[in-house]
Amino acid sequence: MSRVLKFDGAPDEIISFNPATGEEVGRVPQTSEEDVRAAIERSRAAFAQWKRTTFAERCRLVMKARDVILSELDDIAHLISAESGKPFGEAIAMEIAPVLDLMQYFARNAHKMLRPRKVGIGLYALLARSSKVVYHPLGVVAVIPAWNYPFSIPLGEAAMALLAGNSVVIKPSELTPLTGLKIVEIFERAGTPKDLVQVVTGDGRTGAALVEAAPDKIMFTGSVATGKKIAASAAKDLTSVVLELGGKDPMIVFKDANLELAADAAVWGAFCNAGQSCSSVERLYVEETVAEKFTSMLVGRVKQLKQGVGSGEDISIGAMSSEKQLQIVEQHVEQFRSEGATIAIGGKQNKSLSGSFYEPTIITNVRNDMRAMQEETFGPTLPIGTFKTEHEAIELANDSEFGLTASVWTRDLNKGKRVAKQIEAGSVTVNEVLYTHGIGQSPWGGFKNSGRGRTHGFEGLMELVQPQHIHVNHLAILPNAWWLPYTSTAVETFRGFAKYFASGSVLKTSLLLPQLFRRIRELQKIRKDSLRNKN
Ligand code: NAD
């Protein structure tokens, strides 16, 4: 039995199914537009209180939420596995552990990152001015995630938003709504004030209603097509949006790489989460002279992988999260076949299992002009192309509308770093693959159609605050030379600003001082004369 999204005859209910077994996991309401608007209103009220809290209070809440997660570790992992089809162990390793790390990191460090910051203002400082930046929370942060990491992505974004002083409304994917509800339950058990973290369940219509309700920020994870719709809708209210979108991530393997390790990495990078990670290895380019050897290493490793229902601890490859996703994979593999590629292993649905399972598949003889080398597959496929030179490898990797992550394998670290810098992707790893989303300390986001803005790291935290510049004139006794009225003395002074002050050089600027004083005296005289005339 495969997963079908059902509304159970009525348009107001969504049933979540286990894609590996077809069993119902639970049901949730399809939240109406009116209820979404009401949730935003409640969220604004909760924000008004929360923004006044100290970092210590925010930190306590997030650390308490971590304790709740740890106390229910296995149950949460089983829920994630049941709703998404991923192996139980993978739910712990790739969702729960990384988000626990992110939570402790930001709980301990957000206050330092958001401390008021003095800004160097160059020669303006000589005029007895000073500047600092202070960070204010934004307000209501709407989190709209995909189904592939239904726990770690929305929870990580929610935790960061809360630490920055915002309130949160999450609209989980319609394929994994119970995991979304679980996140809110965790915060409630940790003692969150009422309405500070809310969930609105439903499909894209609920997501669209959330965008229409004009939150103060939208953190979206999903497809390019939905990202564009959200950006267009958000633009009506000038709502700022972070878009974490798709990928077609390349892995480059040079002949001098540790091939055994690179083969292990490629198999994990392509097939974990049944290939449904935004940063999955979707294209592998190996140096021609080792291509045959490397391919047979990969095929050998794939033969050892056990596929099955994710609850089994010995299962390496779970089910696809939906029937729709399985069909996309089937189409892409058929496209590869029809365009002349060779299936080295796999290449079909795993019919020995009853759910949405697709066999881990390795494809050779591929070219970049094949359609399935350009579109995101999001499934357990690993197409392998070859290259002769470093330049060619970079060109092949960059030949994509996407630019989320990339992976370079070589024993020559200088070459690795040189190649990494030339690849158009938000995160490039050398002798590593896929896992950098798990490093909450570092920024995450894509180049090109893979997204806009960042989550995680300092850059991600900056997306959740408004910087405010506070500028002080510590010696407010003289008028500024650039004030009105303008005269020929003024214009001569402005020429001096352009030539000397704007050079940034103290020495050159000193040449301007006589002209500056002339202009200030002129302004003082104008002011005095006007007072005299008044009297
Ligand atoms: P999707 O775009 O179909 O849906 C994502 C979310 O948007 C869901 O919650 C959905 O209900 C909601 N939605 C749908 N239509 C909407 C609308 N008009 N307005 C507002 N919300 C709407 O994507 P998906 O199939 O759930 O996820 C798969 C995609 O996510 C892949 O392309 C994958 O690469 C991408 N992804 C990216 C990252 C990243 O960090 N860059 C991480 C995970 C997944």
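**Stop 1: a glutamate in a helix**

Select Glu-83, which sits in helix α3, residues 73-84. Helices here are DSSP runs of H or I with at least four residues, strands are runs of E with at least two, and both are numbered from the N terminus. You are looking at a predicted model, in which local features need pLDDT of at least 70, side-chain atom pairs count only at pLDDT 80 or more, and totals for chains, interfaces and linings use all residues. Residues are numbered from 1 along each chain as its sequence is written, and side-chain values use heavy atoms, leaving out hydrogens and water.

Is Glu-83 buried or exposed? Glu-83 is buried, with a relative accessible area of 0%. The words have cut-offs: buried means under 20% relative accessible area, exposed over 50%, and partly exposed in between, with a 1.4 Å probe and protein chains only.

Now add Ser-16 to your selection: its side chain makes a polar contact with the side chain of Glu-83 at 2.6 Å. A polar contact is a pair of N or O atoms within 3.5 Å; within protein, one must be able to donate a hydrogen and the other to accept it, and residues adjacent in sequence count only if both atoms are side-chain atoms. Add Leu-178 as well, since the side chain of Glu-83 reaches the backbone nitrogen of Leu-178 at 3.0 Å.

**Stop 2: the whole protein**

Zoom out. The protein has 17 helices and 20 strands, and its C-alpha trace spans about 100 × 55 × 35 Å along its principal axes. Of its 535 residues, 55% count as buried.

**Stop 3: the ligand**

Select the ligand next. Which residues are the closest to the ligand? They are Lys-171, Glu-174, Ser-223, Thr-226 and Glu-376, out of 29 residues that surround the ligand. A residue counts as near when one of its heavy atoms lies within 4 Å.

Try these contacts one at a time:

- Glu-174: a polar side-chain atom lies 2.6 Å from an oxygen atom of the ligand.
- Pro-145: a backbone N or O atom is 2.9 Å from an oxygen atom of the ligand.
- Ala-208: a polar backbone atom lies 3.3 Å from a nitrogen atom of the ligand.

On its own the ligand has 850 Å² of accessible area, and the protein covers 89% of that. Accessible areas come from the Shrake-Rupley method with a 1.4 Å probe; for residues, only the protein chains shown count as cover.

**Stop 4: salt bridges**

Side chains of opposite charge can pair when their charged atoms come close. How many salt bridges does the structure hold? It holds 30, each being a side-chain nitrogen of Lys or Arg within 4 Å of a carboxyl oxygen of Asp or Glu.

Select Arg-42 and Asp-195, whose closest N and O atoms are 3.6 Å apart in a salt bridge. Arg-42 lies in helix α1 (residues 33-50) and Asp-195 in the loop between α6 (177-190) and β7 (197-199), so this pair ties together parts that are 153 residues apart in sequence.

Stay on helix α1 and select Arg-44 with Asp-216: their side chains meet in a salt bridge, 2.8 Å from N to O. Asp-216 lies in the loop between α7 (204-212) and β8 (217-221), so the pair ties together parts that are 172 residues apart in sequence. Arg-44 is partly exposed at 30% relative accessible area, and Asp-216 is partly exposed at 27%.

For a pair within one helix, go to Asp-529 and Lys-525, with closest N and O atoms 3.1 Å apart in a salt bridge. Both lie in helix α17 (residues 513-534), four residues apart, about one turn of the helix. Lys-525 is exposed, with a relative accessible area of 52%, while Asp-529 is partly exposed at 24%.

**Stop 5: two cysteines**

A disulfide is a covalent bond between the sulfur atoms of two cysteines. Here the test is a pair of cysteine sulfur atoms within 2.5 Å, and the structure holds zero disulfides. Select Cys-272 and Cys-278 for an example. Why is Cys-272 without a bond? Its closest cysteine sulfur, in Cys-278, is 10 Å away, too far for a bond. Cys-272 is also buried, at 3% relative accessibility.

**Stop 6: a surface patch**

Finish by selecting Tyr-124, Leu-127, Trp-482 and Trp-483, which form a nonpolar patch on the surface with about 390 Å² of accessible area together. Patches are made of residues with over 30% relative accessible area and no salt bridge: like charges are joined within 9 Å, and nonpolar side chains (Val, Leu, Ile, Met, Phe, Trp, Tyr) within 5 Å. Tyr-124 lies in the loop between β3 (117-119) and β4 (129-137), and is partly exposed at 41% relative accessibility.
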